[in-house]
Amino acid sequence: MKTVVITGCSAGVGRATALLLDRVGWQVFAIVRRQKDAYDLESAAIGPLKAVLADVTDREQLFAAAAAISKECGEHGLDGLICNAGAGGAGPLEFAPVDELTKPIDSSLYGSIFSAQAFLPLLRKAKGRIINVTSGSNLLNMPLASTYPAAKYALELISRQLQAEVRQFGVSVIVVDPGRVKSRMTMSAKEQNDQARAKLPPEAIELYGDMLGKLDRLVGSVVGSGKDPEIVAQAYLTALTDRKPKAFYNVGTDTKVLRVIGRWAPRWVLDTMTTRILERGGKDNTSDSATRR
C-alpha cells in the first residue's frame, strides 16, 4: 500500500485530496489542527485514513507527528508528502500587523520546510515525492497582498534548492500551481479581509483608502469562484504517480496562461494586468492564479 502525508486537510483541496487518495487505496495520514476536523475526516473516509493533529507552523509538533507516522509506515517509508497547508494575508505593508506579515510565510514557506525536515527520513526509504504548492500571484505586483505571493515565490526557490539536495536519494520535489480554487481560503476571503482591515489604524485608511476599496471589490469577486477542489486533488495524484514526474504542474488553463505571460511578457504588461484586475474587481480570467486556495 502506498503511503502519503498531506497537510492542511481540514477543508478544501487538502480534504478532497485525502479522501481521493484514501478511495484509490493509499494509506493516508492527514494533518489537521483540530480534533473535530480529524473526526469528520476519518468518518468520511472509506479506507484506513488516519488524521494526525499538528500545526505546520510548529516544528516540534510536526516532528512528533512524523515519529508517530513512522511506526505505521515501518520499513516501507513514505511515498508522498503533500505540503498543502497555507494561509493568506492582506493590508498595506507600511501598517501591516506582525501576524498579517508572518501568517502566510509561516504556513506556506516554513510549514513546507518543517514538513520536509520531519518526513525526509521516511521519504528516503521509499524514494518518495514531495509536492509543494505555489501560486501564480507571485508573478504579479499585487498591492495590499504582498506577503502571500512573497511566501510562494520563496517556496518555489526553496523547492529547487531542496531538489538539488535530495535528488541523490531518489526523492523528487514537485511544485504544483492549482490556480483559483473553491476552498476555505476563497470562501472566507471577505471575512479574512474584514478582519485584516479592522486591525489598520485610521491613518492607513486615509492614505490607502482608494486602493483598499479596489481590494474589497476584488476579494468580493473571488468568494465562491474557482475550480472544484477535486480537480486539484486529481492533479496531486497525477504528480505522485506519473512514471516520470515533472518538476512543475499547472492545474487548468488559468495557471498555464498566467505562467506563459509571466515568463515572456515585459514588466509593464504584467503591471497593466494587475491594474486591470483591480479595476475590474478580479473579473479577468488570467487573475485566477492570483487568488490561490
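In this predicted model, I6 of strand β1 has I82 in β4 as its bridge partner. The two strands, β1 (residues 3–6) and β4 (residues 80–83), run parallel and are joined by three bridges.

Strand β1 also pairs with β2 (residues 27–32), again in parallel, this time through four bridges. Here T3 sits opposite Q27 of β2. To get from β1 to β2, the chain passes through helix α1 (residues 12–23), and the resulting β-α-β crossover is right-handed.

Here are the two pairings of β1 next to each other:

| Partner of β1 | Residues of partner | Bridges | Direction | Facing residues |
|---|---|---|---|---|
| β2 | 27–32 | four | parallel | T3 and Q27 |
| β4 | 80–83 | three | parallel | I6 and I82 |

Which way do the side chains of β1 point? T3 and V5 go one way, V4 and I6 go the other, and all of them are buried.

Now for the nonpolar interior. The largest nonpolar core has 33 residues, and L21 and V28 touch the most other members. Two or more residues each come from β1, α1, β2, α2 (35–44), β5 (129–133), β6 (172–177) and α9 (229–241). Helix α9 gives the largest share, with seven residues.

V28 is worth a visit in the viewer. Beyond its neighbours within four places in sequence, V28 is in contact with V4, I6, A18, L21, D22, P48, L49 and K50. Apart from the largest core there is another one, of 27 residues, with I69, L81, A85 and F114 among them.

Methods
Residues numbered from 1 in each chain as written. Predicted model: local features only at pLDDT ≥ 70, side-chain atom pairs only at ≥ 80, totals over all residues. Heavy atoms only, no water. Buried < 20%, exposed > 50% of the residue type's maximum accessible area, 1.4 Å probe, protein only. Pairing = 2+ DSSP bridges. Right-handed = clockwise from strand over helix to strand, strands pointing away. Core = buried A, V, L, I, M, F, W, Y, C linked by side-chain atoms within 4.5 Å. Contact = heavy atoms within 4.5 Å.
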